[in-house]
Amino acid sequence: MTVTSTGAPLTVLTEDEALFRDGVSEFAQAEIAPRARAMDAAGRYDEDLLPKLFEMGLMGIDIPASLGGAGGTFFQSCLAVEQISRADAAVGVLVDVQNTLVNNAIAKYGTSEQKSRYLARTAADTVASYCLSEAGSGSDAFALQCRAVPNGHKMWITNAAEAGLFLVFATVDPSAGYKGITAFLVLKSDAGFSLGKREDKLGIRASSTCELLFEGCAIPSDRVVGQIGRGYKIAIETLNEGRIGIGAQMLGVAQAALDAAVRYARERVQFGKTLSEFQAMRFQLADAATRLEASRLLVYNAARLRDAGLPFAKEAAMAKLYASEAAERIAAQAVEVLGGNGYTTEYPVEKLYRDVKIGKIYEGTSFMQLSTIAKSLLDE
């Protein structure tokens, strides 16, 4: 019997993918990792770092080269988020929102003029922000109340402080329910637009999370993305893709936590032996490594399905669900492996533990991912 291969294993990268991953990893460890602790303490990005991200092409990974982007793939965006998040999850989410949400939405639903005008900017020098959440609209995204009138507000908006471009979801007709939701492009320079409260967060502290205020803010009709009343479709589809990006972020944090735990277990001596010589410790680390590898397979599979143009909503939900829960477990184990040292800021794992918690909350809580998976099993 002849057995024919159906393709490369999920985690085996092409030459281009491997070169890209290694280049991002080197950059992240050289430029981001040394800044991570100080940025976390300050609750701000180092202002010298953002231009470097653009120079590396990391803010427009799958934007066509003709528009100044890197001309890469969605999968490469996920590789970048993973490697950057190993250095700092706060920078990882900056790159994730830029690529998997805003750039992705404009590329798929924007007009030719919008692509030329705005993607060229997000590839070159403009941070972008995805603006869906409100005080009463988190997991229930379609409960948003912000109306497409000159006054309104949004809450919990990632990248808000750094952004020059905002993809804002608002309803043109509350009586139409979710079919009134429309997507708009708002510029930081627009009259009547401003930032409100900046949240003081548990983790990913350098990443800005702010309230947006619209007071007499008028947006021209040529900045509507897609059709009026079809913003819900843009939100659903981009969030499905964004969830893969969050899964990739969790991979990076979990890998950093496992690396720290393994390194410490090899060095720390107790009762005359290194921790790595104790069976109980070896089994804990083996369990963490297995969960991390399972997470990577789920995330890579979802990303490759998306690039292949195949259905991936269920797989994206599974990837985010499992990767976020595995990462939280691995980070907690890392703190315990380091013991008292793990609870101090002198070692990296307490930050990783704080950073990882958001993975089960934003871009759809774990309960929302379970709902999506269940629906695919039972309601279709």
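In which loop is Ile204 found? In this predicted model, Ile204 is found in the loop between E5 and E6, and its backbone has a positive phi of about 30° although the residue is not a glycine. Ile204 is also buried, with a relative accessible area of 6%. A second non-glycine residue with a positive phi is Glu363, for which the angle is about 55°. Glu363 is placed in the loop between helix H9 (349-356) and helix H10 (366-378), and, with a relative accessible area of 14%, Glu363 is buried, because residues under 20% are counted as such.

The strands that flank the loop of Ile204 also carry an aromatic contact. Six aromatic pairs are counted in the model; one of them, formed by Phe193 and Phe214, is tilted, with 5.3 Å from centre to centre and 45° between the planes. Phe193 belongs to strand E5 (residues 193-198) and Phe214 to strand E6 (residues 209-214), so the pair ties together parts that are 21 residues apart in sequence. Phe193 and Phe214 are both buried, and ring pairs link these two residues with Phe166 into a cluster.

In soluble globular proteins, nonpolar side chains tend to be buried together. Here, the largest nonpolar core comprises 109 residues, within which Leu53 and Tyr130 have the most contacts. The element that gives the most to this core is H6, with 18 residues. When residues up to four places away in sequence are not counted, Leu53 touches Phe27, Ile32, Leu58, Met59, Val91, Leu94 and Val95.

Helix H6 is also involved in the enclosed space of the model. A search of the whole structure finds one cavity of 30 Å³ or more, and the space in the largest cavity is about 40 Å³. Its lining is formed by Ala257, Leu258, Ala261, Gln284, Leu285, Ala288, Ile330, Gln333 and Ala334, with at least two residues supplied by each of helix H6 (231-267), helix H7 (279-307) and helix H8 (313-338). By class, seven of the lining residues are nonpolar and two are polar, whereas no charged residue takes part in the lining.

Terms used
Residues are numbered from 1 along each chain as its sequence is written. This is a predicted model: local features need pLDDT of at least 70, side-chain atom pairs count only at pLDDT 80 or more; totals for chains, interfaces and linings use all residues. Side-chain values use heavy atoms; hydrogens and water are left out. On a 1 Å grid over the protein atoms alone, a cavity is a set of points where a 1.4 Å probe fits but cannot get out, and a pocket is an open set with protein on both sides within 12 Å along at least five of seven lines; lining residues have an atom within 4 Å of a point. Grid points are joined across faces, edges and corners, and a volume is the space filled by probe spheres set on the points. Helices (H or I, at least four residues) and strands (E, at least two) are DSSP runs, numbered from the N terminus. Ala, Val, Leu, Ile, Met, Phe, Trp, Tyr, Cys and Pro count as nonpolar, Asp, Glu, Lys and Arg as charged, and the others, Gly among them, as polar. A nonpolar core is a set of buried Ala, Val, Leu, Ile, Met, Phe, Trp, Tyr and Cys residues joined through side-chain atoms within 4.5 Å. Buried means under 20% relative accessible area, exposed over 50%, partly exposed in between (1.4 Å probe, protein chains only). Contact means heavy atoms within 4.5 Å. Rings of Phe, Tyr and Trp (its six-membered ring) pair if their centres lie within 6.5 Å; planes under 30 degrees apart count as stacked, over 60 as edge-to-face and the rest as tilted.
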